Amino acid sequence: MSRVRGVPSTRRLREVRPVRTREGRRGLRRHGCGALLSAAVAVLSLTASGCVVVRGDLEIVPSSTQGEAARALEEFTAAYNDADKEYDQSRDASRVTGALADIDGGKLRSGAKISPSGNPDHVPLKLSDVKYTIPEKAAWPRWFLVDAAANKGRNSDRWLFVFTRDGLDDVWEVSFLTIMPASDVPQFKKDEDGYAQVVAADDPQLSVAPAELPEKYVTYLKEDSALFADGPYTSQERAKRQKNAQRPGIVRQYVDEPLTNGDYAPVGLRTTDGGALVFFTTRHYEKQTAAQGVDIPVNDAAVRALMTGEPRQSLTLEFVSNQAVLDPARTASDEQVRFLGQVGGLTSAKGE
């Protein structure tokens, strides 16, 4: 297990804790100086009484301690297992957000329709060989990465969770979950204290700025390019769509959307080779329209469970997926973005 020190070194100034106002904006708590500072105040000020105040939204601090990260993982796992056992979305609603909340929610809603008494095939998720990668960063949200082996899937796979929160009064929630072979998990660049480095949304050193990856990917699915390396989520996905579109009797149309706001926003960590591991989210629609006299088969129990309406003429499926990619440095010999893993799920179905 990689060790990360939980206490900032003495060279770092303490952080003024942010709090949420009733309108959702963040302010600065009192720290013995008698009043809150406005956003226009300098980063560091010295009052007549000698009180030093540090802007919490600008100071670079560790996102978490290792102990806090371990507790967050334990609490998430317990809630996740409880929800899966009971097929009850409310059991882990406070522990998931963003893409995982959508994916997990779709699975639980369909499961509850199929088996109202709970999950007859429930096997608790157990994680082992857990590694925590904690970055230093300024401003909220703050987040960290968990990399673990699991008792589900292939033994050679690693499960990567991104935990995030928007303020000190919030609980840690998992926004991204991807699964990849252990050999694909990159090495992260860390400082002398063991903290990782967050890449900016507009990082010019990368082949593709992280903020642009969702849009670039959905564009690629429509218009092939050399930006992404071949693989199951790129060239093979395009080939599968083209094959489905040619089947007689039912026309399939695809619409893809980037998700970039809030807890869907891409996040990334610098790797030792100068690139970055980036997580991002997309939404996908598949519309099946039948020719006259042709029935649309709905053989998947999960689709039937989530479906509204009757597919007399068309059926629209909605999916959300989150993916992890290796975004190389702009100076790398191979600048293609490579998919390392993707987890997705059906979130709704509509018959018309």
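A nonpolar core, as I shall use the term, is a set of buried Ala, Val, Leu, Ile, Met, Phe, Trp, Tyr and Cys residues joined through side-chain atoms within 4.5 Å. With that in place, let me turn to the structure, which is a predicted model.

First, the overall picture. The protein has 352 residues, of which 47% count as buried. Its secondary structure comprises 5 helices and 17 strands. If we take contacts between residues at least 6 apart in sequence, 67% of them join residues at least 24 apart. The accessible surface amounts to about 17600 Å², and carbon and sulfur atoms account for 49% of that area.

Now to the interior. The largest nonpolar core holds 22 residues, and those touching the most other members are Phe 76, Tyr 132, Phe 144, Val 146, Phe 161 and Phe 163. Two or more residues come from each of helix 1 (66-86), strand 6 (127-133), strand 8 (142-150), strand 9 (157-165) and strand 10 (173-181). Which of these elements gives the most to the core? It is helix 1, with 5 residues. Phe 163 illustrates the packing: leaving aside residues up to four places away in sequence, its contacts include Ala 72, Leu 73, Phe 76, Phe 144, Val 146 and Val 174. There is also a second, separate core of 16 residues, with Val 162, Phe 176, Ala 196 and Leu 277 among them.

Next, I would draw your attention to a charged residue, Arg 270, in strand 13 (residues 267-270). Is Arg 270 buried or exposed? Its relative accessible area is 6%, so Arg 270 counts as buried, the limit being under 20%. The side chain of Arg 270 makes a polar contact of 2.5 Å with that of Asp 203. Among the other residues that Arg 270 touches are Gln 197, Val 199, Gln 205 and Leu 206. Phe 188, also touched by Arg 270, lies 82 residues away in sequence, yet the two C-alpha atoms are 5.9 Å apart.

Finally, the salt bridges, of which there are 18. Asp 84 and Lys 107 form one of them, at 3.5 Å from N to O. This pair links distant parts of the chain, since Asp 84 belongs to helix 1 and Lys 107 to helix 2 (residues 98-114), 23 residues apart. Asp 84 is buried at 8% relative accessibility, whereas Lys 107 is partly exposed at 32%. Another bridge joins Arg 154 and Asp 157 at 2.9 Å, and Asp 157 is buried, with a relative accessible area of 8%. Elsewhere, Glu 237, Lys 240, Arg 241 and Asp 256 are connected in a salt-bridge network.

Key. Residues numbered from 1 in each chain as written. Predicted model: local features only at pLDDT ≥ 70, side-chain atom pairs only at ≥ 80, totals over all residues. Heavy atoms only, no water. Buried < 20%, exposed > 50% of the residue type's maximum accessible area, 1.4 Å probe, protein only. Helix = DSSP H or I, 4+ residues; strand = E, 2+ residues; numbered from the N terminus. Contact = heavy atoms within 4.5 Å. Areas by Shrake-Rupley, 256 points an atom, 1.4 Å probe, with all protein chains shown as cover. Polar contact = N/O pair within 3.5 Å; in protein donor to acceptor, adjacent residues only side chain to side chain. Salt bridge = Lys/Arg side-chain N within 4 Å of Asp/Glu carboxyl O.
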